[in-house]
Every structure is written in C-alpha cells, then in structure tokens.
Amino acid sequence: MVAVLREAWEALRDKGPGQVQFWFIALVIGIAAGFAALFFRKGITLLQTTLYGTDDVRMIHSFAETLEWWQVLVIPIFGGLAVGLILNWFTDDGRVRSVADVIEGAALRDGRVETKAGLASACASLITLSSGGSTGREGPVVHLAGVISTWVSDRIDASGITARDLLGCAVAAAVSASFNAPIAGAIFALEVVLRHFAVHSFAPIVIASAAGTVINRLEFGDVAEFALTSSSVLEFYVELPAFLILGLVCGLIGGLFMRAIFWADDMGTVLQDKTGLPRVLRPAVAGAMLGGIAIFFPHIIGVGYETTSAALTGQLLLHEAIVFTVIKVAAVAITMAGRMGGGVFSPSLMIGGMTGLAFGLIATSIFPDVSGSETLYAFAGMGALAAAVLGAPISTTLIVFELTGDWQTGLAVMVAVSTSTALASKLVDRSFFLTQLERKGIHLAAGPQAYLLAMFRVSNVMRKPDEPGCAPSDAIWEAIEQGFTVEGNATLETAMPIFEKTNRQFLAVVRLGAEGEAPEILGALHQVDALKAYNRALAATAAEEHS
C-alpha cells in the first residue's frame, strides 16, 4: 500500500492531477479552507470574549456601552501594538495581505500567494477584529485560504492553470464557510479572484464551496446570518424607480467610502514620514483613534452585525442611520490606514444597510401610498453598496440573499445593485481591490492586454550577444549612444512603449554601472521576440478563460 501511494504521489507530481484526482484535491482543499475559516471565526469569538468579557460577541456593541470608558479606549491600543509587532517581524512592508493580493496571485504569480506574510496577516487581522478594529473577516480568511492552496500547489508542482483553479477552490470554500453561502462562495471565486467563468474550473470550485458550507453548518446549523422580522415584499412595480435611485446613492457613497480609505492611507503615510513614527506604532496610533471614537459610538467595534441587523429590522431612527454611516466610514478608513488588517465586505454590508434604511425612511414618508417597508430598502442598500465596493454584482447579490434567507425581494436588490456598480466603477478602478492593485502599479483593471506585459522580464526574452539573430555589437553600441536602452531586470511593460514610440527593431539591454562607467551589454531585445511572447501569453489566457 505504501508503494502504491508513493507511486500515485509521484505520478501526481510528474504528470499533474487528472480530472477525478483534481476533484478529490479540490475537496480536500475545500475542507481545509473551511476549517481555517471556522477556526478564524472561533478565534475572534474567543479573543473578543476574553478582551471585552462578553458572552455574546454578536451583541458587543450593547455590551461595550456598559464598560468603563478607559477599557474601551485601551483595548484597541494594545491590539494595535500587537498587530504592529507581528507585521514588523514577519512582513517586509508592514502591510496586511488580503483579497487584492489573492487576485494578484491568480493573475501574475501562477496562483500563488505569500505564505509567511499571509499567516502573519491572518494573526494580525484576528487581533484587529477582536480588539476593536472596524473591518470584516472575509479579507484575511480569503488570503489564508490562498496560503493553503499555495502550499498544496507547491507540493504537487501545479502549473499556472491548475494552481489558479486550486486557489479558486480554496477561496470559494473560505467564503462559503464564513457566511454559510455556498452559491455566492463559488461565484465569488470565479467573479472576483479568477475573474472568468471557465467551465473547467466550475466543478471543482463548486465541490470545494459545498465542503466549506458543510463545515459551517455542522458548527452553526443551517441558519441565516441576519434574521428579518417579516417578509419584505415589493408592493408595487411603480416603486422600482426608487431602487434605481437607491442604487445610484449607494454607488456614490460606496465610491466616497473607498476614496476615504485611500485618502486616509495616504495621509497616514505622509504623517508617518513627517513625524518619524516607527511603522510598528502605526497600528497602535490607529487603535487609539478607534478607541476614542468607540467611547461615544461603540457600534464601530468589530464586524458590526448587531448594527447591521438593527438596520435590516428598522430599529434605527433616521438621524441614527445617517450619523452611524458617517462614523463607520471614518472608523473603517482609520483601521485600514493604520495597517491593522481586516476586510471591507462586512463594513460594506453595514454601511449599505444603514444607507438603505435612511433612504427608505425618507422615501416611504414622501410616498406612503406607493411604498413598501423601509426595511426592504435597507436590504437592497446592503447589497448595492457591497456590490459597488467589491465590484462583484453577481456574487454580492447572491451572498446577500443567502445571508438573509429572503428571496422574495430579488428584483429590488438586482435593480439597486446594477446602478450602484455602474456608478462606483466610474469613481474608482472598477472595485476596491483592483484600485488597491492599481495604486501599486499593477494594472489588472484594464484586462490581460495591460497586465500581461508585466509578467515578462526583458532578460528572459532578449537575445544574448552570442545567440543567432542577435543584433551586431556595433549596432547595439549605436543604440546605447542614442539612448535606446532598457535594463535587464525591467519588464516588457517598460519596453513595449519604447518600441511603439520609436518603431525600432531592437533595444539594447544593459546593466548600468556606477556613475562615469560604461554600461554592460547583456544583449538585445528584438521587437518581434517581445511581440511573440506577448501574443503567446494572450493566447494562453484566452484559452484558459474559454476552456
């Protein structure tokens, strides 16, 4: 038996997994990612219970109101200090890894993500969410699932397509296990992470998503995350234009929400540079700001399901919904700018629910004869704003349905989601995650034709001086004298615009020396070689997306 298993393992590594074997691997990854999501959620519950002393973390907002003010202030500070130490020790830039890094791994790193930094980010996010940070748990859970799939891909030496599919399986299982949403988990992996709906990846991703859901339901049962007091029914079709307007409002607020996070992050970096604040203390400073806010508005603590449920059941007044929305946006921006970790999906649900409720309270008071319940608007607003932030209208619509268990208001949600995503995508680079990557100089939002060039190093495409067909030595020196050069560690993203502008047949590839020294010739990058590499990559991407 040992010999057979060894032979099977060697065949799996050398020849790659077959279809049945791949589905089995997808199931195993789904189970592992599902347990990772479960343990992450239970870890937050345990640590939050320990720090705040509450028995029900879903009611942390109400419980925090009974604590002494200094307790509410101090807990986030110590949490931020712990986060800063972890990120300073285990990451090179002090940043928490999340969904954007998983998308980058799927597109540019053959389905792999950083493992050490990913594990550190999961620990940091767990502490953040347990000690007063105002974000969500889906971001770190998705990256943690990516770490699991990366480990498996490395063990079996998976190719780019196989590794990306395994990454999709892990993400689907993690999302499903986190929110008890099997359909949305599978679609999220395809729509947001892999960014295509190839048939070959659908079956294993669904298998993994189902496995993650089973793990969630074995622990928590088949219950919805949010319970609505009554079934929300769209009373009149004449009310549909109101949901179109609600979608536009949510799209605008979603765009401002994302812009606020990026602005706060930039301001935090500027202040850190000007004051000389060590990066290890940046999360602690953010924790102090969050603690100060939480003294007066404890609803910002943690994921915020209590306030979201209050919005969906109409338990908030109009001024409360508006004020809480503004404060929550500020709290999330501070948490993210402080590099404390966490995701944006749960905050988007909370902000969207309160935005929808405020809109519904106004709409139903102006047109009481043709309006349904204001909680219906909260329900639609929750989906609309989350879809605008994630840039994922399909999976977000489905996940809102599965979080609430209410399928009767699908028409209203779809209408609001469609307009919100259309508007928000114009205010940022399609989504929060793609805008994060764009700020790092990774142009995934523009499509494969933009980011594939960054995958090829000039040194891997050039012809060396002794290779057949390489430009003559004197021609290379002439190109150097005219300034038509590119460094060997640059990518085709740098070289192709030069070709397009100058229409040259080749560029000199050099390694720059010290000042006053002549550059070292590494070879020549011929335009035809660059175009061939680019075309092969485009063809491979198209084949994968349509297989």
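Which residues line the second largest cavity? Let's find out together, keeping in mind that the model you see above is a predicted one. The lining is made by Ser98, Val99, Glu138, Gly139, Met336, Gly342, Gly343, Val344, Phe432, Phe433 and Gln436. Two helices, α7 and α19, each give two or more residues to this lining. The biggest share comes from α19, which gives 3 residues. Sorted by class, the lining has 5 nonpolar residues, 5 polar ones and 1 charged one. The space inside comes to about 40 Å³.

That cavity has a companion, since the count of cavities of 30 Å³ or more is 2. The largest cavity holds about 50 Å³ of space. Look for Glu138, Val142, Val175, Phe179, Phe188, Phe345, Leu390 and Ile399, which line the largest cavity. Here the helices α7 (138-155) and α8 (160-179) each supply at least two residues. By class, this lining has 7 nonpolar residues, 1 charged residue and no polar ones. You may have spotted a familiar name: Glu138 appears in the linings of both cavities.

Now let's turn from cavities to pockets. The largest pocket has about 560 Å³ of space. It is lined by 23 residues, and those closest to its centre are Arg95, Val96, Asp101, Gln436 and Lys440. Three helices each bring at least two residues to the lining of this pocket: α5 (99-108), α11 (240-275) and α19 (432-439). What classes do the residues of this lining fall into? There are 12 charged residues, 7 nonpolar ones and 4 polar ones. Gln436, one of the residues closest to the pocket's centre, is also in the lining of the second largest cavity.

Next, follow the charged side chains. The model has 17 salt bridges in total, and we can visit a few of them. One joins the side chains of glutamate 104 and lysine 440, with 3.2 Å from N to O. This pair links distant parts of the chain, because glutamate 104 sits in helix α5 and lysine 440 in the loop between α19 and α20 (448-451), with their positions 336 residues apart. Glutamate 104 counts as buried because its relative accessibility is 7%, under the 20% limit for that label.

A second salt bridge joins the side chains of arginine 97 and aspartate 92, at 3.4 Å from N to O. Are these two partners buried or exposed? Arginine 97 is buried, with a relative accessible area of 5%, whereas aspartate 92 is exposed, with a relative accessible area of 63%.

A third salt bridge brings together the side chains of arginine 282 and aspartate 265, at 3.7 Å from N to O. Arginine 282 belongs to helix α12 and aspartate 265 to helix α11, so the pair ties together parts that are 17 residues apart in sequence. Arginine 282 counts as buried at 6% relative accessibility, and aspartate 265 is buried too, with a relative accessible area of 10%. Both belong to one network of salt bridges that share partners, which joins Arg95, Asp265, Asp266, Arg282, Arg339 and Arg439. Arg95 may ring a bell, as one of the residues closest to the centre of the largest pocket.

Let's step out to the surface. Phe78, Leu81, Leu85, Trp89, Phe90, Leu281, Val285 and Met289 make a nonpolar surface patch of about 760 Å². Which helix gives the most to this patch? That is α4, with 5 residues. Both α4 (69-90) and α12 (282-296) supply at least two residues of the patch. Take phenylalanine 90 as an example: this residue lies in helix α4 and counts as partly exposed, with 39% relative accessibility.

Finally, have a look at the backbone. Most residues other than glycine have a negative phi. Asparagine 180 has a positive value, with phi near 55°. This asparagine lies in the loop between α8 and α9 (182-194) and is buried, with a relative accessible area of 6%. Arginine 195 also has a positive phi, near 65°. You can find arginine 195 in the loop between α9 and α10 (199-220), where this arginine is partly exposed, with a relative accessible area of 25%.

Conventions. Residues are numbered from 1 along each chain as its sequence is written. This is a predicted model: local features need pLDDT of at least 70, side-chain atom pairs count only at pLDDT 80 or more; totals for chains, interfaces and linings use all residues. Side-chain values use heavy atoms; hydrogens and water are left out. On a 1 Å grid over the protein atoms alone, a cavity is a set of points where a 1.4 Å probe fits but cannot get out, and a pocket is an open set with protein on both sides within 12 Å along at least five of seven lines; lining residues have an atom within 4 Å of a point. Grid points are joined across faces, edges and corners, and a volume is the space filled by probe spheres set on the points. Helices (H or I, at least four residues) and strands (E, at least two) are DSSP runs, numbered from the N terminus. Ala, Val, Leu, Ile, Met, Phe, Trp, Tyr, Cys and Pro count as nonpolar, Asp, Glu, Lys and Arg as charged, and the others, Gly among them, as polar. Patches are made of residues with over 30% relative accessible area and no salt bridge: like charges are joined within 9 Å, nonpolar side chains (Val, Leu, Ile, Met, Phe, Trp, Tyr) within 5 Å. Accessible areas come from the Shrake-Rupley method with a 1.4 Å probe; for residues, only the protein chains shown count as cover. A salt bridge is a side-chain nitrogen of Lys or Arg within 4 Å of a carboxyl oxygen of Asp or Glu. Buried means under 20% relative accessible area, exposed over 50%, partly exposed in between (1.4 Å probe, protein chains only).
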